[in-house]
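I am opening a notebook page for a structure with a ligand. I want to look up the ligand site, the empty spaces and a few details of the backbone.

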Amino acid sequence: MNAILHSSKLHPAPHPVNECDTPALLLDFDKLGRNITKLHSGVLAPVKVRAHGKAHKCPDLAKLQIAHGAIGICCQKLSEAEKFFEAGIQDIVISNQIVGELKVKRLVGLALAMKNSGATLGVCVDHELGLQQLAAALSDAKAGGGVIHVWVELDVGQGRCGVQSSAEVIALVEKIVQCKGMQFAGVQAYHGRLQHQRSVEQRLGTANEMFAKVRGVLDALLTNAASWGLSLPIAVAGGGTGSYKLEAASSLYTEIQAGSYALMDADYQRNEMPEDERFENALTVLCTVMSERTGQIVVDAGLKAFAVDSGLPVAIQPGLHVKGISDEHTVIEVTDLSLQPLIGKKLELIPGHCDPTVNLHHEFNVIQNGRVIAKWPIAAKGAGF
Ligand SMILES: Cc1ncc(COP(=O)(O)O)c(C=O)c1O
């Protein structure tokens with residue numbers, strides 16, 4: 001772990017965490033390391049981990065995941081893929097649809113640049129229009145063979161992107177295999193809601209329904225595999241922090257796309273998880289108590305420092321209960337009055353949802369033994385697709 005850390009470009013003289021100005025995004029290096037080791041060693045060959053970079057948007061962290069066995073990185077936006085490639089990541093899948101002529105032209109530009117440097121780019125499709133736009137942009141760029149790896153996204157119950165039937169998968173694959181610039185990569189079958197179902201039984205039930213659907217699609221593809229020249233087994237990608245062990249053991253999935261496991265958040269901790277699948281909260285926001293009265297404090301980080309779509313942040317320190325948040329403030333009830341006075345002190349809160357919280361910050365302050373030992377830029381942050 002440390003060898004990678006010290007190769008990080010930005011490596012200022014270590015200083016105590018308490019000297020950080022606030023709000024500051026903290027990443028506990030030892031917890032991060034244990035999280036990465038736990039998930040990567042829990043996914044057994046021949047299944048592979050392709051860590052999801054949408055959670056952290058940070059090339060330094062992506063490189064750490066790859067150094068610890070991930071075959072590459074997923075991301076959700078073209079802008080993230082561009083940043084990861086710029087930083088030297090060689091195997092990237094955009095686990096999402098890229099639609100619109102401007103974006104698709106950029107996508108093909110990136111795919112060509114990656115192919116020319118021996119790297120690989122993948123993308124999902126779930127509609128004929130997206131495929132037509134991609135084929136047209138590849139043809140305009142006079143792209144050679146197999147420039148971009150194309151995954152067909154299957155909706156396995158999330159109700160977001162993805163085609164719904166085997167017939168639709170077959171119709172898209174038929175076109176992909178005829179397009180010189182594309183290489184059919186496999187089926188993406190990710191179920192987001194499954195990740196956050198709280199009980200082990202609920203998740204197992206949902207996963208079994210999902211597996212039945214994936215099996216049906218694979219059977220349909222196998223009847224055409226030889227005539228299309230598909231290599232076997234057909235790759236299936238999916239799985240997240242809440243369900244990865246199920247997909248990994250399914251004999252269907254070949255790539256696991258978990259992301260949050262590295263950082264974790266308060267919402268994921270509400271899942272009932274067996275001990276060997278439970279990850280540690282490596283991500284916190286350091287805040288300063290800026291106002292105080294008996295039984296209440298206010299810290300200097302609000303909606304501009306925390307995403308609250310999955311609930312309010314949670315204080316690490318027992319005796320403190322977060323009760324409200326506004327733009328620049330979080331109001332915390334002090335349930336243990338012996339903790340006061342707290343004015344001017346610094347304390348850590350765990351974000352409700354890691355991905356969009358990270359997107360609000362510029363860098364991770366990587367900490368170990370109470371000191372900031374590196375600063376990792378969140379290079380792929382931002383709203384741009
Ligand atoms: C397509 C896809 N794959 C994988 C993941 C990773 O899931 P998690 O962060 O829950 O591990 C996500 C997260 O939203 C996703 O959208």
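The entries below go through the ligand, the pockets, the cavity and the backbone in that order.

**Entry 1: what I am looking at.** I note that this is a predicted model, in which local features need pLDDT of at least 70, side-chain atom pairs count only at pLDDT 80 or more, and totals for chains, interfaces and linings use all residues. Residues are numbered from 1 along each chain as its sequence is written, and side-chain values use heavy atoms, with hydrogens and water left out.

**Entry 2: the ligand.** I looked up which residues are near the ligand, where near means that a heavy atom of the residue lies within 4 Å of it. There are 14 residues around the ligand, and Gln76, Thr241, Gly259, Ser260 and Tyr268 are the closest. I sorted this shell by class: Ala, Val, Leu, Ile, Met, Phe, Trp, Tyr, Cys and Pro count as nonpolar, Asp, Glu, Lys and Arg as charged, and the others, Gly among them, as polar. The shell has nine polar, three nonpolar and two charged residues.

Next I checked polar contacts (pairs of N or O atoms within 3.5 Å; within protein, one must be able to donate a hydrogen and the other to accept it, and residues adjacent in sequence count only if both atoms are side-chain atoms). A polar atom in the side chain of threonine 241 is 2.6 Å from a ligand oxygen. The side chain of tyrosine 268 has an N or O atom 2.6 Å from an oxygen atom of the ligand. For glutamine 257, a side-chain N or O atom lies 2.8 Å from a nitrogen atom of the ligand. The ligand taken alone exposes 390 Å², and the protein buries 94% of that. These areas come from the Shrake-Rupley method with a 1.4 Å probe; for residues, only the protein chains shown count as cover.

**Entry 3: the pockets.** In which pocket does the ligand sit? I first wrote down the terms. On a 1 Å grid over the protein atoms alone, a cavity is a set of points where a 1.4 Å probe fits but cannot get out, and a pocket is an open set with protein on both sides within 12 Å along at least five of seven lines; lining residues have an atom within 4 Å of a point. A molecule sits in one if more than half of its atoms lie within 2 Å of its grid points. The ligand sits in the second largest pocket.

The second largest pocket has about 410 Å³ of volume, the space filled by probe spheres set on the points, which are joined across faces, edges and corners. It is lined by 24 residues, and Lys54, Tyr190, His196, Ser260 and Asp355 are closest to its centre. This lining holds 15 polar, five charged and four nonpolar residues.

The largest pocket has about 760 Å³ of space. Its lining has 36 residues, with Ala185, Pro233, Ile234, Ala235 and Thr254 nearest the centre. By class, 23 of the lining residues are nonpolar, nine polar and four charged.

**Entry 4: the cavity.** I found one cavity of 30 Å³ or more. The lining of the largest cavity consists of Thr241, Met264, Tyr268, Gln269, Met273, Glu277, Arg278 and Phe279. Four of these residues are nonpolar, two polar and two charged.

**Entry 5: the backbone.** I looked up two cis peptide bonds. One joins threonine 22 to proline 23, with omega about 0°. The other joins leucine 232 to proline 233, with omega about -5°. Lysine 142, a residue other than glycine, has a positive phi near 50°.
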